[in-house]
Amino acid sequence: MIRAIGRAGRRAACAAFLIAAVMGPACAWAAGGDKDDKAPLVVIADLNHDGIADMIEAVPPADGSRTGVLKISLGEAGGGFRLASSQAVLGAAPRAMVTGDFNGDGVPDVIVGDDDGTLRLFLGDGKGGLVRGKDPGGLDSVVSIAVADFDRDGKADIAVSDWRGGLVAIFLGDGKGSFRRGWSFHLRMPGTVAMVSAADFNGDGIPDLAVVYGDDDGYTFDVMVGDGNGVFVRSPELSFAQDPNAHCPA
C-alpha cells in the first residue's frame, strides 16, 4: 500500500508507522534531561505465563547510589500489580529497555542498555523472575534498542543507537542467549540523541530500521532498508530531513 500513494504519502505513512513502533509496549527509552534521567523505564510482558501482563521497571539509582534497580511487578486478574522482586543489578544510568525471547525457550527476556554503553541481558525463568544472562556486548553509549530478526534466521536480533560513537550497531542473536556484533552504520547527525525502531517500512517482508532525530528543528528520520542479512542502506525516498546540510557534527 505504501508504494501506491506517492513520495509524500510514503513519508507520512512511514512517520506514522515508526511513531507506533517506537511507542510500542515492548521497548522503552529515556529522552534525556534531568526528569528523564530520574524516571524509570517500563516494559510489559507476561513473565509467568498466566495470560496477564506483568510490568518490568528499570529504576535509576537513588541519590548517592551508582546502581540502578530492576523491579518486577506481576499483574493480577483484577487489574492491579504486585511487586514480586527488586534487584540492584543495573548501571548508574539506564537508558533503554526491550523485551524479547532471546534464548528460544518461549519465555520473555529483557535487555537493559546503560548510558555508559553496557548492555545487560536478563533471562526469564517462566515463573515471573529474571536471571542475569550473558551480556550481548558494549558500545560507547546506549540511547535506544530495537528488536527484530534482521538476518531472517528465526532468532531475535537487536539494533542499538550509540550517540557517543555516532552509529547504530547490529547484534545478531543465536537463539540461545548469546549475540555477536554484526554490521553498523554511522548516524546522519553524529553527536545527537537518535532513537531507533524496527518495522517493514517498504513492504518487502524484511525488517527495516527508522532512525529518528529530535535535534533537527523538529523530528526528522532516516529509513534504513534491510537486505535480510543484517545490512542496511538508507532510503532517501522514505526518509525525511528538514535540511540535510544544517547540522554540524559534534
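Colleague: Let's start with Leu83: in which strand is it found?
Modeller: Keep in mind that this is a predicted model. The strand that holds Leu83 covers residues 81–90. That strand is E5.

Colleague: Is Leu83 buried or exposed?
Modeller: The relative accessible area of Leu83 is 54%. The cut-off for exposed is over 50%, so Leu83 counts as exposed.

Colleague: Which residues is Leu83 in contact with, leaving aside its neighbours within four places in sequence?
Modeller: Met55 is 28 residues from Leu83 in sequence, and their C-alpha atoms are 9.1 Å apart. The contacts of Leu83, with neighbours within four places in sequence left aside, are Lys71, Ile72 and Ser73.

Colleague: Thanks! Which residues form a nonpolar patch with Ile44 on the surface?
Modeller: Ile44 sits in strand E2, residues 41–45. Its relative accessible area is 34%, so Ile44 is partly exposed. The patch has about 220 Å² of accessible area together, and the partners of Ile44 in it are Val42 and Phe81.

Colleague: Moving to the open sheet of 4 strands, which strands stand at its edges?
Modeller: The order of this open sheet is E15-E16-E17-E18, with antiparallel pairing. Two of the strands have a single partner strand each, so one side of each is left without a neighbour in the sheet. These edge strands are E15 (194–199) and E18 (232–234).

Colleague: By how many degrees are neighbouring strands of the sheet E15-E16-E17-E18 turned against each other on average?
Modeller: The sheet is open and its pairing antiparallel. With direction ignored, the average turn between neighbouring strands of this sheet is 30°.

Colleague: And what is the bridge partner of Met195 in E16?
Modeller: E15 and strand E16 (residues 208–213) run antiparallel and are joined by 6 bridges. Across from Met195, the bridge partner in E16 is Val212.

Colleague: Now for the charged pairs: how far apart are the closest N and O atoms of Arg164 and Asp115?
Modeller: The structure holds 5 salt bridges, and Arg164 with Asp115 is one of them. The closest N and O atoms of this pair are apart by 2.8 Å.

Colleague: Where in the chain do Arg164 and Asp115 lie, and how many residues apart are they?
Modeller: Arg164 lies in the loop between strand E12 (157–162) and strand E13 (167–173). Asp115 lies in the loop between strand E7 (109–114) and strand E8 (118–124). The pair links distant parts of the chain, and the separation is 49 residues.

Colleague: Which of these two, Arg164 or Asp115, is buried?
Modeller: Arg164 has 42% relative accessibility and so counts as partly exposed. Asp115 has a relative accessible area of 17%, and buried means under 20%. The buried residue is therefore Asp115.

Colleague: Which arginine in the loop between strand E14 and E15 is linked to Asp222?
Modeller: Asp222 is in strand E17 (residues 220–226), and its partner is 34 residues apart from it. The two side chains meet in a salt bridge of 2.9 Å, N to O. Asp222 is buried at 3% relative accessibility, whereas its partner is partly exposed, with a relative accessible area of 25%. That partner is Arg188.

Colleague: What salt-bridge partner does Asp222 have in strand E18?
Modeller: This salt bridge is 2.9 Å, N to O. Asp222 lies in E17 and the partner in E18, so the pair ties together parts that are 12 residues apart in sequence. The partner is partly exposed at 34% relative accessible area, and its name is Arg234.

Colleague: Which residues are joined into one network by salt bridges that share partners?
Modeller: The pair of Arg164 and Asp115 came up above. The network that shared partners create is made of Arg95, Asp115 and Arg164.

Colleague: Back to E12: how many of its 6 residues are buried?
Modeller: In a regular strand, side chains alternate between the two faces of the sheet. From E12, Asp157, Ala159 and Ser161 point one way and Ile158, Val160 and Asp162 the other way, and all are buried. The number of buried residues in E12 is 6.

Colleague: Last one: which residue in the turn between E12 and E13 has a positive phi?
Modeller: E12 and E13 pair in the antiparallel sense over 5 bridges, with Val160 opposite Ala169. They form a hairpin with 4 residues between the strands. The positive phi is about 65°, and it belongs to Gly166.

How values were computed:
Residues are numbered from 1 along each chain as its sequence is written. This is a predicted model: local features need pLDDT of at least 70, side-chain atom pairs count only at pLDDT 80 or more; totals for chains, interfaces and linings use all residues. Side-chain values use heavy atoms; hydrogens and water are left out. Buried means under 20% relative accessible area, exposed over 50%, partly exposed in between (1.4 Å probe, protein chains only). Contact means heavy atoms within 4.5 Å. Two strands pair if DSSP finds at least two bridges between them. Axes are lines fitted to C-alpha atoms, for helices over the stretch in contact, and angles run from 0 to 180 degrees between N-to-C directions. A salt bridge is a side-chain nitrogen of Lys or Arg within 4 Å of a carboxyl oxygen of Asp or Glu. Patches are made of residues with over 30% relative accessible area and no salt bridge: like charges are joined within 9 Å, nonpolar side chains (Val, Leu, Ile, Met, Phe, Trp, Tyr) within 5 Å. Accessible areas come from the Shrake-Rupley method with a 1.4 Å probe; for residues, only the protein chains shown count as cover.
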